[in-house]
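Visitor: I would like to go through this model with you, one element at a time. May I start with a detail of the backbone?

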Amino acid sequence: MSATDASEKRPLFSWYLTKYLSQEVLLSFITGTTFFLLILLMFQAVRLMEFVVMHQVSLSDVGRLCLYLVTSFLPLAIPIAFLFAVLMGISRANSEGEILAFQVNSISLRQIFAPIAVFSAVLSIFVLYLSLYTVPQGNRAFELLYTRLANERIIAALKPGVFIDGFYGLVLYAEQIIPLKSEMKKVFIYDRREETHPLSITAQAGVLRQQGDKGFLTLRLSNGAIHFENTEEEGVQQKIDFDVYDINLDIAVQGETWRVYSPPSYNFGQLRQRIAETVHDVPQHRQLLVEFHRRFSMAFSCMVFAALGFCIGILSQKGIRSSAIVLCLCVALGWWIAYLVANAMAVSGWAPAWFAIWLPNFIFLGVAYYLYRRYVGA
């Protein structure tokens with residue numbers, strides 16, 4: 001009986017191979033996921049440090065922001081880490097002759113790949129669940145916390161001696177600002193929120209206070225005057241002196257803090273509902289369709305990277321283990337560039353959303369199939 005006939009009689013899925021490949025892949029997968037999450041988090045380091053240095057946000061809040069960011073990065077980090085794990089494990093086994101030993105014992109490459117394919121399918125389902133439910137929840141929590149912290153520390157972004165237009169509908173000027181106390185000195189405000197009754201307010205001091213449970217910020221002014229101007233009656237002006245005067249600045253709070261949902265913050269049910277509601281708003285509808293297909297495409301990329309990593313690992317002869325990270329990053333970078341181009345095509349309307357978003361996966365899957373047929377399966 002030939003080796004080919006013997007391999008065909010063996011079951012496609014083997015628990016022995018599953019155990020062996022689990023030992024090869026699992027540790028590299030955990031290490032790779034941690035590594036790539038840290039890399040992605042480093043890109044947000046400047047954004048987070050701004051909260052600590054400029055806004056004096058507590059480390060516990062920064063830690064929560066990091067946790068929410070890590071959650072949102074999982075659908076991207078997990079497929080790349082799995083590519084790294086497969087490439088690392090298979091290239092090591094191939095360079096040390098273990099793959100050849102399997103083939104000599106009538107175990108085909110398809111039988112070796114079968115457990116990896118099963119792992120990738122399970123991982124795809126897991127990533128899909130994260131993308132549809134867990135990640136939107138974390139992304140929404142990040143948006144709310146980020147908005148609340150920005151509102152609480154809004155005074156840290158103000159500049160003394162500069163007229164600031166658009167401060168919650170006001171024009172604000174403060175000669176001196178003390179961020180640690182949320183306090184301003186020698187304040188001038190032009191309130192045009194009521195167009196027919198604009199107000200000019202001067203005060204010796206002002207303190208900005210967060211009223212998170214009530215849905216607004218309070219700017220408490222002291223020792224000043226309010227100048228009323230009635231635009232409907234020309235020449236009519238009034239002046240009122242005050243010791244304390246509160247201006248409520250609406251921040252539209254619902255719960256802790258509120259802001260408009262972004263597409264990544266919709267869970268699966270909300271996203272489908274918004275897609276149905278925005279049929280007549282073509283740009284918004286297209287963006288939501290891109291987000292819908294992106295989540296499924298990211299999950300499916302686990303299977304694409306499994307096939308590609310396996311073929312590249314089989315083609316390697318020796319010495320590739322040390323450069324597995326470089327190869328992984330090159331493949332991931334190529335896929336990410338293709339994804340960004342496809343995303344731009346979909347958002348701009350150059351191509352249907354489903355076609356553009358899924359195109360990078362099919363291209364890289366085609367590359368894996370070509371490598372297998374041309375060099376491995378020959």
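Visitor: Which residue takes a positive phi just after helix 4?

Guide: That residue is Gly97, with a phi of about 85 degrees. Please bear in mind that this is a predicted model.

Visitor: What span does helix 4 have between its end C-alpha atoms?

Guide: Helix 4 covers residues 59-95 and spans only 46 Å, whereas a straight helix of 37 residues would span 54 Å at 1.5 Å a residue.

Visitor: Where does helix 4 bend, and by how much?

Guide: The bend is at Leu74 and amounts to about 55 degrees. A proline, Pro75, follows within four residues.

Visitor: And is helix 4 mostly covered or mostly open?

Guide: Mostly covered: of the 37 residues in helix 4, 28 are buried.

Visitor: Let us move to helix 8. How many residues does helix 8 have, and how far does it reach?

Guide: Helix 8 has 34 residues, and its first and last C-alpha atoms are 46 Å apart, which is close to the 50 Å expected at 1.5 Å a residue. There is a bend of about 30 degrees in helix 8 at Phe300.

Visitor: At what angle do helix 7 and helix 8 pack?

Guide: Helix 7 (residues 268-277) packs against helix 8 (residues 282-315) at an angle of about 150 degrees, and their axes lie 9 Å apart. The crossing of these two helices is left-handed.

Visitor: Which residues meet there?

Guide: Helix 7 contributes Phe268, Leu271, Arg272, Arg274 and Ile275. From helix 8, the partners are Gln284, His285, Leu288, Leu289, Glu291, Phe292, Arg295 and Phe296. Sorted by class, this contact has 7 nonpolar, 2 polar and 4 charged residues.

Visitor: Now the strands. Where does Leu199 lie, and is it buried or exposed?

Guide: Leu199 lies in strand 4, residues 199-211. Leu199 counts as buried because its relative accessible area is 12%, below the 20% cut-off.

Visitor: What is Leu199 in contact with, leaving aside its neighbours within four places in sequence?

Guide: The contacts of Leu199 are Ile189, Tyr190, Asp191, Ile226, His227, Phe228 and Tyr245. For one of these, His227, the C-alpha atom is 5.7 Å from that of Leu199, although 28 residues separate the two along the chain.

Visitor: How far is Thr196 from Glu229 in space?

Guide: Their C-alpha atoms are 8.2 Å apart, with the two positions 33 residues apart in sequence. Thr196 belongs to the loop between strand 3 and strand 4 and is partly exposed, at 31% relative accessibility.

Visitor: Back to phi angles: which of the strands hold Lys186 and Asn223?

Guide: Lys186 is in strand 3, residues 183-191, and Asn223 is in strand 5, residues 216-229. Lys186 has a positive phi of about 50 degrees although it is not a glycine. Asn223, also not a glycine, has a positive phi of about 55 degrees.

Visitor: Are Lys186 and Asn223 buried or exposed?

Guide: Neither term applies. Lys186 is partly exposed at 47% relative accessibility, and Asn223 is partly exposed with a relative accessible area of 47%.

Visitor: Finally, the overall picture: how many helices and strands does the protein chain have?

Guide: The chain has 10 helices and 6 strands. Of its 378 residues, 45% are buried. Among contacts with a separation of 6 or more, 67% are between residues 24 or more positions apart.

Key
Residues numbered from 1 in each chain as written. Predicted model: local features only at pLDDT ≥ 70, side-chain atom pairs only at ≥ 80, totals over all residues. Heavy atoms only, no water. Expected span 1.5 Å × (residues − 1). Bend = angle between axes of the 7 residues up to and from the residue. Buried < 20%, exposed > 50% of the residue type's maximum accessible area, 1.4 Å probe, protein only. Axes fitted to C-alpha atoms, helices over the stretch in contact; angles between N-to-C directions. Left-handed = near helix turned anticlockwise from the far one by under 90°. Contact = heavy atoms within 4.5 Å. Nonpolar A, V, L, I, M, F, W, Y, C, P; charged D, E, K, R; others polar.
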